[in-house]
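Colleague: I should like a close look at one part of this model, with the reasoning set out step by step. Please begin from the structure shown here.

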Amino acid sequence: MTRKIIENKAKCKLCQDIIESKNTNDLKRCSCGSIAVDGGLDYIKRLGNLDNIIELTKYEGDEIMTEEKIEYCTCENIKSVHSENDDFMCWDVCDDCGKVLEFSFESLEKFEDDLD
Ligand SMILES: [Zn+2]
Ligand SMILES: [Zn+2]
């Protein structure tokens, strides 16, 4: 099965350049010249010293797969929850199964308002 390419990108280990080929004949070379990418969204082509390539190509479906990894709490009777947060969101976590409650996500913006 061939997956659809979203971004044909690579990073050079020597000069740290990130180069991206956007079209079929869009050959991009890094600034030190050791690697090049080509092929755009049709195919992945790599030229130069392949040992210096850090692959950054993204395929369709990669993001969706990450999203599907989130498992939500399916407990019928939730006895207790605790809340967790990162810099942007807070959410409730079921104490029984340790999974996130699906509709508990809230933006933290309103809390910032309260602080003023
Ligand atoms: Zn380079
Ligand atoms: Zn649960």
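How many salt bridges does the structure hold? Please then concentrate on strand β1, its partners and the metal site to which it contributes.

Modeller: The model is a predicted one, and it holds 6 salt bridges. Several of them bear on the part in question.

I begin with the pairing of strand β1, which covers residues 5-12. Strand β2 (residues 18-21) is joined to β1 by 4 bridges, and the two run antiparallel. Within this pairing, K9 has E20 of β2 as its bridge partner. The two strands make a hairpin with 5 residues between them, and in the turn Q16 adopts a positive phi of about 65°. Strand β6 (residues 53-55) is also antiparallel to β1, through 3 bridges, with E55 of β6 standing opposite A10. A further antiparallel pairing, over 2 bridges, connects β1 with strand β7 (residues 58-59); here E7 has K58 as its bridge partner. In general, strands of a sheet pair through backbone hydrogen bonds, either parallel or antiparallel.

The charged side chains add a second set of contacts to this region. E7 and K9 form a salt bridge with an N to O distance of 3.5 Å. E7 also meets K58 in a salt bridge, again at 3.5 Å from N to O. Because K58 belongs to strand β7 and E7 to strand β1, this pair ties together parts 51 residues apart in sequence. E7, K9 and K58 are thus linked in a network of salt bridges. K58 has a relative accessibility of 36% and therefore counts as partly exposed.

Strand β1 also leads to the metal site. The zinc ion (ligand 1) has as its protein donors the SG atoms of C12, C15, C30 and C32, lying 2.3 Å from the ion. The site is tetrahedral, with angles of 105 to 115° among the 4 donor atoms. Along the chain, these donors follow the spacing C-x2-C-x14-C-x1-C. Two of the donors link distant parts of the chain: C12 lies in strand β1, whereas C30, 18 residues away, lies in the loop between β3 (28-29) and β4 (35-38). C12 counts as buried because its relative accessibility is 0%. C30 is likewise buried, its relative accessible area being 4%.

The loop that carries C30 leads on to another group of strands. β3, β4 and β5 form an open sheet in that order, with antiparallel pairing. β3 and β5 (45-48) are the edge strands, each pairing on one side only. Between β3 and β4 there are 2 bridges, in the antiparallel sense, and K28 has V37 of β4 as its bridge partner. K28 additionally forms a salt bridge with D26, in which the closest N and O atoms are 3.3 Å apart. The two residues of this pair fall into separate accessibility classes: D26, at 16%, counts as buried, while K28, at 33%, counts as partly exposed.

To draw the part together, β1 pairs with β2, β6 and β7. E7 of β1 is salt-bridged to K58 of β7, and C12 of β1 is a donor of the zinc ion (ligand 1), along with C30 from the loop between β3 and β4.

How values were computed. Residues are numbered from 1 along each chain as its sequence is written. Chains are lettered from A and ligands numbered from 1 in the order in which they are written. This is a predicted model: local features need pLDDT of at least 70, side-chain atom pairs count only at pLDDT 80 or more; totals for chains, interfaces and linings use all residues. Side-chain values use heavy atoms; hydrogens and water are left out. Donors are N, O and S atoms within 2.8 Å of the metal (3.2 Å for Na, K and Ca); water is not among the atoms, so sites may look incomplete. Four donors count as tetrahedral if all angles lie between 85 and 135 degrees; four count as square planar and six as octahedral if opposite donors are over 155 degrees apart and all others between 65 and 115; anything else is irregular. Buried means under 20% relative accessible area, exposed over 50%, partly exposed in between (1.4 Å probe, protein chains only). Two strands pair if DSSP finds at least two bridges between them. A salt bridge is a side-chain nitrogen of Lys or Arg within 4 Å of a carboxyl oxygen of Asp or Glu.
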